Each structure stands twice: as structure tokens, then as C-alpha cells.
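Okay, thanks for coming, everyone. I'll walk you through one model today, and I'd like you to keep it up on your screens while I talk.

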Amino acid sequence: MLFKALGKIAQTFVVLFVVSVASFGLLKLAPGDPIQIMLGSEFSQASYDSLRAELGLDQPFLVQYANWAIQFVQGNWGTSYVARAEIFTYAFKEALPVTLTLASFSLLFAILVGVPLGVLSAIKKDTIFDAGSAVLALTGTAFPSFLLGILLIWFFAVKLQIFPVMGYVSPWENFWLGIYHMILPGLTLSTYFIAMITRLTRATLIEVLEQPYIAAARARGEPNWRVVWVHGVRNIAMPLVTILGLQLGVLLQGTVLTETVFNLPGVGQMLTSAVLGREYLVVQAGVMMTAVLFIGVNLLVDLSYPFLDPRLRTSK
Amino acid sequence: MKDMALDHVLSIKDLTVFRGAAKILDRVTLALGQGETLALVGESGAGKSTIATAIMRLLENARVTGSATLAGEGDLFTLSERKMVKLRGRRLSMIFQDAGTALNPSYTVGRQLGTTLQRIHGLSKAEAWKQAIELFTSVGINDPEGRMTAFPHQLSGGMQQRVMVAIALAGSPDLLLADEPTSALDVTIQAQIVRLILQLTRERGASCVFVLHDLALASQACDRIVVLYAGQVVESGPARDVLERHRHPYTRQLKSCVLEIGAKDLVAPEGTVPSHDQMPIGCRFCTRCPRAVARCADQAPPLVPARQTATGPLDHHIACWNPE
């Protein structure tokens with residue numbers, strides 16, 4: 001088991017390397033000259049060349065990549081040309097926690113709502129409740145989140161004035177105020193996931209409830225709630241965790257829109273302005289952070305399988 | 001008859017089960033005395049398992065008519081689900097065909113037995129653990145303490161079925177339903193498990209319904225045999241009578257297809273069971289019956305005593321218009 005885990009961790013590093021080379025290369029190919037943007041509309045060839053040399057942009061591709069990679073691993077992510085700030089501070093210490101808070105809050109909320117809703121739909125299969133939850137789930141997946149965000153702001157923040165319109169307060173500094181500011185954006189981002197988790201829970205649980213061990217549990221007199229929650233839900237953990245890991249990409253994608261609508265200073269907002277301003281290094285930092293997050297979470301998903309399904313524990 | 005009915009632990013009357021338009025059980029009537037062992041035999045699809053599942057009230061997507069009276073509880077089919085939950089595991093319990101899939105793969109076998117003991121007897125965790133080890137010992141699990149923390153997939157098929165037997169007996173039920181408990185096992189283990197179930201139910205004075213497809217095994221292991229064909233009871237009675245003095249043509253066919261060592265030919269009944277949309281209105285066996293007469297196809301034969309003696313009718317019944 002340990003050997004297997006080490007293999008998976010090694011794989012992860014290979015994937016990270018490929019992602020970093022690809023993102024570095026792709027950005028080099030993108031049109032637009034960062035030096036021109038930095039210098040403004042009027043500049044001399046001499047100042048152009050000296051800035052180019054200063055930034056190392058005159059070096060060959062591989063040298064540029066190696067330089068960047070070495071610096072990157074050391075936490076030396078360079079300076080944002082536009083924000084005139086250390087990217088490591090700006091991206092890792094300031095933007096990332098915002099996105100992580102938003103993403104984990106939304107995911108937690110989606111699980112807390114989606115799983116019970118899916119379980120109820122599964123045990124009330126083919127009833128009005130099930131049909132209603134199916135309609136809600138379809139609406140949830142189809143409804144564009146930016147529109148939902150704007151609607152929520154209009155109704156709860158502007159009309160009723162019970163939630164703040166926008167802005168971010170770190171829950172690490174002021175927990176309740178932070179949560180309070182997270183409710184509307186969290187709701188916006190989690191809609192799709194509530195819908196997806198509901199449907200996934202329903203489908204997998206219906207399949208599990210047809211297994212002989214469910215009938216066997218009933219046959220020894222286990223009450224219905226125990227049959228469903230102890231014997232049923234325990235066995236949907238693995239497919240659920242797998243899909244959630246893979247859907248993390250969609251979640252991170254969703255943070256971009258949500259952060260823009262609610263003006264949260266997260267990675268999504270940082271990436272948007274960096275792409276528009278053609279700030280290679282910031283985009284790279286953003287891509288690498290999201291890649292590490294995505295790959296890391298999926299590594300954790302892989303490593304969690306033996307805990308979720310005893311049959312995958314190879315020992316004995 | 002009235003006195004006998006009082007002794008019966010379970011008496012099923014006119015049990016009919018519909019699945020959609022198909023009538024998968026047709027007026028099944030049988031009774032089981034205290035401490036008696038009854039075998040339900042027949043080909044696959046005869047409805048043997050359906051009877052067991054119907055008694056447990058675990059049939060899904062089916063319409064059930066008729067009655068199943070459990071001594072002291074009344075008709076099981078009219079009880080509330082709440083009441084049924086209380087009966088399952090305590091008065092009725094069931095052993096499934098394939099223990100490999102009937103045990104939850106996510107929990108250790110000790111936990112599955114332990115929580116059952118805790119729930120049924122209101123024991124503490126430690127007491128339940130102790131009693132679980134005793135039960136594991138009594139069903140012949142070697143190293144019972146070590147096996148407590150094993151997951152189902154870490155045990156052999158025979159051991160898994162022993163665990164199932166232990167769980168089924170945890171609540172000391174009066175009636176044990178064993179649904180082909182050995183069909184997923186090696187031949188050498190089959191006899192062990194059957195013997196184990198019989199020994200344990202006898203020790204506890206419990207009654208047992210065995211679903212089997214092997215007539216020879218049924219006659220050795222059980223007091224009474226009920227032969228089913230396509231959802232109908234064709235013959236029922238004491239094991240020896242059904243095996244040696246059977247009068248229904250289907251019982252003969254079923255008996256003749258038991259392969260004996262030294263037999264020259266493999267005898268198999270001709271034809272197959274008709275599908276439900278082509279099922280005869282009368283005796284369902286008439287399409288394959290060598291003794292079929294004109295009325296068989298459109299008049300269902302009632303279950304009547306097979307023979308009369310000086311002391312009255314024997315407890316041996318057949319449903320046939322032209323018995324042997």
C-alpha cells in the first residue's frame with residue numbers, strides 16, 4: 001500500500017512538470033508583448049532592450065523555463081509588472097486563501113445539501129419529491145452562475161439588505177463576519193454542485209440499495225434509516241469522492257465568475273486581470289497554483305480509496 | 001385440522017404474487033410445525049426464493065395476496081412495516097444465497113454481527129463483542145477472535161456463509177429461512193453448511209424453511225418437502241413419502257434427474273418452463289407432462305390428500321388430475 005502510494009506521488013510530480021512546461025510554453029506563444037505594455041505607448045529601442053534583458057526575456061526558451069522553475073520552487077515568483085508587488089505575496093498569500101475559502105465553503109455547503117437531497121430522492125424514487133428534485137437539479141446545472149449571483153445580490157443585498165453586496169472578510173480573522181460575506185457567493189458557486197451531487201447520490205444509492213447486503217440488513221431487522229444511512233450511504237462514498245475530485249476543475253473555473261460578480265480578491269479575479277494585462281508570471285503563478293491544487297486533491301482522492309473501500313486494502 | 005393449525009409456527013394460505021401481469025406464485029399453501037424443517041424444491045424460476053422473500057416482506061415491485069400466519073403475530077402481510085422491522089431478526093430471519101454479496105463489504109464481519117446483537121438484545125458494545133465471538137465459535141469459525149476484525153472479502157465462501165448463519169441466529173429466531181444457502185459454495189463445503197444450519201436450528205428448537213433445488217439433499221436434510229413448479233405447489237408431504245411414494249409426474253421427473261454415481265445416462269426433464277405470457281390456465285406443468293389429459297390444460301387441479309388410510313387422509317398432498 002505504501003509502495004503504491006509512493007508511485008502515485010511520483011506520478012503526480014511528472015504531471016506537474018508537464019503542466020508547468022506546457023503553461024510556460026503556451027504563454028510564450030500568446031500574442032501581445034509584455035514589455036510594450038509595461039513601457040506604455042512611447043519608448044526608445046534602448047529602454048525596450050534593457051528591460052527585455054533585465055526580465056530575461058532575451059534568453060532561449062529552456063533557459064527561461066529553468067530559471068523560472070528554480071525561482072518558482074524557492075517561492076520567488078517575481079514581481080507583478082502591473083500591481084508592482086511580489087507575486088508570491090499577491091497570489092499565494094492574498095489571492096489563494098480567498099479562493100480556497102470560497103471553494104471549500106461552497107463544496108461543503110453543496111455536500112451538506114446535495115447528499116441528503118440525493119438520498120431522499122433515491123428512497124422516494126419516482127414520487128413527486130423525486131420529480132421535483134430532478135427539476136431543481138436540472139435548473140441548478142443549467143442556470144448560469146453569474147446571472148444567479150446578480151439575482152441574489154439584487155434580492156438579498158439590495159432589496160432586503162440582509163447580506164453585503166460584495167467584498168471579502170477573511171474567516172480566519174473574523175469567523176462569523178467572514179462566513180456572512182461568504183453566504184451569497186457560496187450559494188452562487190454551489191448551485192451547480194448541489195444539483196450534481198444530488199443526482200449522483202441518487203443514481204449511485206439506487207444502485208447500492210439493490211445489492212443483496214441491503215436486503216440482508218433489512219432481513220436482520222435493521223430499521224430503514226440504518227439500512228439507508230449506514231449500509232447504503234457508506235458504499236456511495238467512493239464514487240462520490242472520485243467525481244468530486246474530478247469536478248474540482250469546474251469548481252475552480254466557477255470561482256472566476258463568482259469572484260468577479262462579488263468582487264472577491266481571489267485567484268480567479270487575479271487571473272482575469274493578469275490575462276487581460278498579459279502578465280505572464282502572474283498567469284503562470286495562477287495556473288501552477290490551480291494545477292497543484294487540482295492534482296493534489298486528486299492524489300488525495302486516490303490515496304483515500306483504501307480507506308473508503310476495504311476491498312482495496314492490499315494487505316492480507 | 002384445527003389443533004394442527006395451533007401447532008403451526010407458520011402457515012401460508014393461497015399466497016399469490018404478481019409481478020406486473022405475470023403470476024409468479026399461484027395459490028401456494030403450506031404449513032410448518034414447531035421445530036420442523038421444510039424444503040422448498042423445484043427448478044430455478046419455480047418461485048422458491050419468492051416464497052421466502054415474501055414471508056420476510058422484502059419483495060419489491062410485486063403485488064401479494066393470500067396470507068402468511070406466524071404463530072402469535074397473525075397475518076404477516078397485514079402487519080405494519082414497523083411491526084415487521086421488529087419481527088425480522090428476532091422471530092424471522094433469513095440466510096441468503098451468496099454470503100459474499102449479502103455481507104456489507106465496508107464493515108468488518110464482527111461489527112455486522114456485533115451491531116445486530118447490540119440492537120436485538122440491547123447489549124453494550126463489549127458484551128456484544130463477547131457474545132459475537134461465542135456465536136462465531138458455535139458456527140465453527142476457526143480463530144473467531146481474529147476473524148472479528150476481518151472484512152467479508154478476506155474470508156472464504158464457506159466462512160462467509162458461516163458468518164451469515166451466525167448473524168441470522170443472533171436473535172434466536174423461531175423461523176429461519178435459508179434461501180439456497182449452499183448454491184454459491186464448493187460441493188465439499190455444501191454438506192457442512194447444511195448440516196450446521198440443521199444442527200443449530202434443532203438445538204434452538206427453531207423451524208426452518210430450506211430453499212433447495214436438490215431433491216436428494218432435501219429428503220436427507222428435511223422433515224417435509226414441498227415441490228413447486230412454475231409458482232404452483234404440485235406435491236407436498238413428509239420427506240420420505242414425497243421421495244419414495246410420490247404421485248405427481250413432475251416429482252418423478254425431478255427425482256430422475258438427480259445424477260447418481262454409476263448412472264449411465266443423464267436424465268433431464270424434456271422441454272422448458274413456459275414463459276409467463278404463455279402459461280397454461282390449468283395445471284402449469286401440462287405442457288411437459290407425459291400423463292396430461294384433456295382437462296389439465298384449462299382446469300387448475302386443487303391440492304388434495306394423496307392417499308387415504310384407515311385413520312383418515314395422510315398429510316401428503318398433490319395437485320394433479322391424473323396422478324401416478
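Quick bit of vocabulary before the sheet: I say two strands pair if DSSP finds at least two bridges between them. And keep in mind that this is a predicted model.

So, chain B. Here 4 strands form an open sheet, and the order across it is S2-S1-S4-S5, with antiparallel pairing. Which strands sit at the edges? Those are S2, residues 22-33, and S5, residues 74-75 of chain B, and each of them pairs on one side only. Look at the S5 end for a second: strand S4 of chain B, residues 63-70, pairs with S5(B) in the antiparallel sense over 2 bridges. If you want a spot to click on, Thr69(B) stands opposite Asp75(B) in S5(B).

Now over to strand S8 of chain B, residues 207-211. Buried or exposed, what do you reckon for S8 of chain B? Buried: that goes for 5 of its 5 residues. Both faces of S8(B) are covered, with Ser207(B), Val209(B) and Val211(B) on one side, and Cys208(B) and Phe210(B) on the other.

S8(B) has parallel partners too. Strand S3 of chain B, residues 37-41, pairs with S8(B) in the parallel sense over 4 bridges, and there you'll find Thr37(B) opposite Cys208(B). Strand S7 of chain B, residues 175-179, also runs parallel to S8(B), over 5 bridges; in that pairing, Leu175(B) has Ser207(B) as its bridge partner. Put S7(B), H9(B) and S8(B) together and you get a right-handed β-α-β unit.

Zooming out to domains. The assignment for chain B splits off domain 2 as 102-172, while domain 1 is 2-91 + 174-191 + 199-318. Their centres, taken over C-alpha atoms, are 30 Å apart. Where they touch, 9 residues come from domain 1 of chain B and 10 residues from domain 2 of chain B. On the domain 1 side, helix H9 of chain B, residues 187-204, gives the most, with 3 residues. That side divides into 6 nonpolar, 1 polar and 2 charged residues.

As for annotation, the unreviewed UniProt entry has "domain: ABC transporter" over residues 10-255 of chain B. That stretch is 41% helix and 26% strand.

Last stop, the two chains together. Here 18 residues of chain A are in contact with 24 residues of chain B. Helix H9 of chain A, residues 212-219, gives the most to the chain A side, with 7 residues. By type, that chain A side comes out as 8 nonpolar, 4 polar and 6 charged.

Definitions and conventions: Residues numbered from 1 in each chain as written. Chains lettered and ligands numbered in written order. Predicted model: local features only at pLDDT ≥ 70, side-chain atom pairs only at ≥ 80, totals over all residues. Contact = placed C-beta atoms within 7 Å. Nonpolar A, V, L, I, M, F, W, Y, C, P; charged D, E, K, R; others polar. UniProt positions renumbered as here; feature names shortened; annotations may be inferred. Domains from an automatic or database assignment. Buried ≥ 20, exposed ≤ 12 C-beta atoms within 10 Å, placed from the backbone. Right-handed = clockwise from strand over helix to strand, strands pointing away.
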